[in-house]
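Hi,

Here is the structure I promised to pass on. Have a look at it first, and then read my notes below.

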Amino acid sequence: MATSTYLSNPVVTVNAVDLTDQCTAAVFTQRYDQLENTTFGKTARTFQSGLGNHEVTLSLYNSYAAAETFATLENVVGGLVTVIVKPAVGADGPTNPGFTLTGALLSELPVVNATMGELSTIDVTFVGGVYTADVTP
Amino acid sequence: MYYIIKSARLGEVGTEYEPKPGINVEALLWGGFIAEVNDQQPEEVSTPAPKKGAKNKKATKED
């Protein structure tokens with residue numbers, strides 16, 4: 001049965017800092033540019049893959065306290081960073097790959113997202129970088 | 001010089017931190033996640049002892 005249910009198991013680290021307890025959603029997309037190589041004589045468009053164009057989007061509670069979300073991201077924005085998302089706690093392995101984006105750019109950081117009576121949350125997107133899925137325990 | 005962990009988000013507090021390639025150490029320092037430790041022995045600084053009554057002599061001249 002091909003299903004995955006995420007409760008509280010995933011692990012999220014940004015620049016080696018564990019932000020699991022601040023993260024409510026993570027979308028890690030492995031993507032390659034699609035280059036069209038259709039030619040005369042074809043009856044349908046065809047493509048081949050180009051450069052990797054991967055990205056990770058995290059939804060985080062925003063906290064300005066020491067060693068929390070803001071302290072982690074403030075000096076990372078505008079620079080390159082390593083982001084790791086794992087489906088579950090524990091060692092990397094074929095059933096628990098450590099999805100890693102190395103050298104990803106965080107180009108923007110919402111420093112304030114305030115709504116009356118609600119916990120502050122932010123969505124941050126890391127783009128580019130080298131994608132790997134570490135399955136080595 | 002080496003780094004020690006100051007936040008449990010990074011590892012066991014107080015243990016040495018060895019940054020892996022691709023880790024932004026400056027950001028970790030700024031965020032207070034690690035601290036820099038200089039393991040060089042501080043050089044001995046020899047401070048000459050002040051001469052007895054030197055200040056008083058000067059004060060006497062001005063007077």
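Before the strand pairs, one term: two strands pair if DSSP finds at least two bridges between them. Helices (H or I, at least four residues) and strands (E, at least two) are themselves DSSP runs, numbered from the N terminus.

With that in hand, start at β4(A) and β5 (residues 47-52) of chain A, which run antiparallel and are joined by four bridges. A:Glu36 sits opposite A:Phe47 of β5(A).

Some housekeeping: this is a predicted model, so local features need pLDDT of at least 70 and side-chain atom pairs count only at pLDDT 80 or more, while totals for chains, interfaces and linings use all residues. Residues are numbered from 1 along each chain as its sequence is written, and chains are lettered from A and ligands numbered from 1 in the order in which they are written.

**Chain A**

Chain A has one helix and 10 strands, in the order β-β-β-β-β-β-α-β-β-β-β from the N terminus. Its C-alpha trace spans about 60 × 35 × 25 Å along the principal axes.

I call a residue buried if 20 or more other C-beta atoms lie within 10 Å of its own, exposed if 12 or fewer, and partly exposed in between, with C-beta atoms placed from the backbone. On that count, 26% of the 137 residues in chain A are buried. Strand β4 (residues 32-36) is hardly covered: zero of its five residues are buried.

What do the side chains do along β6 (residues 55-61) of chain A? They alternate: A:Val56, A:Leu58 and A:Leu60 point to one face and are buried, whereas A:Glu55, A:Thr57, A:Ser59 and A:Tyr61 point to the other and are not. That fits the usual picture, in which side chains of a regular strand alternate between the two faces of the sheet.

Strand β6(A) also has two partners to look at. It pairs with β3 (residues 23-29) of chain A in the antiparallel sense over six bridges, with A:Glu55 as the bridge partner of A:Thr29. Seven bridges join β6(A) to β9 (residues 121-127) of chain A, again antiparallel, and here A:Tyr61 stands opposite A:Thr121.

**The core**

A nonpolar core here is a set of buried Ala, Val, Leu, Ile, Met, Phe, Trp, Tyr and Cys residues joined through C-beta atoms within 7 Å. The largest one has 29 residues, and A:Val56, A:Val81, A:Val83, A:Val85 and A:Phe126 touch the most other members. At least two residues each come from β1 (11-14), β3, β6, β7 (80-86), β8 (98-106) and β9 of chain A, and also from α1 (25-30) of chain B.

Contact means that the C-beta atoms of two residues, placed from the backbone, lie within 7 Å. Leaving out residues up to four places away in sequence, A:Val56 touches A:Ala26, A:Phe28, A:Val83, A:Val85, A:Leu101, A:Ala104 and A:Phe126.

**Chain B**

Chain B has two helices and three strands, running β-β-α-β-α from the N terminus. Of its 63 residues, 14% count as buried. The strands form an open antiparallel sheet in the order β2-β1-β3, with β2 (16-17) and β3 (34-37) as the edge strands. Four bridges join β1 (residues 2-5) of chain B to β3(B), and B:Tyr3 has B:Glu36 as its bridge partner.

**Where the chains meet**

Here 13 residues of chain B are in contact with 15 residues of chain A.

Cheers
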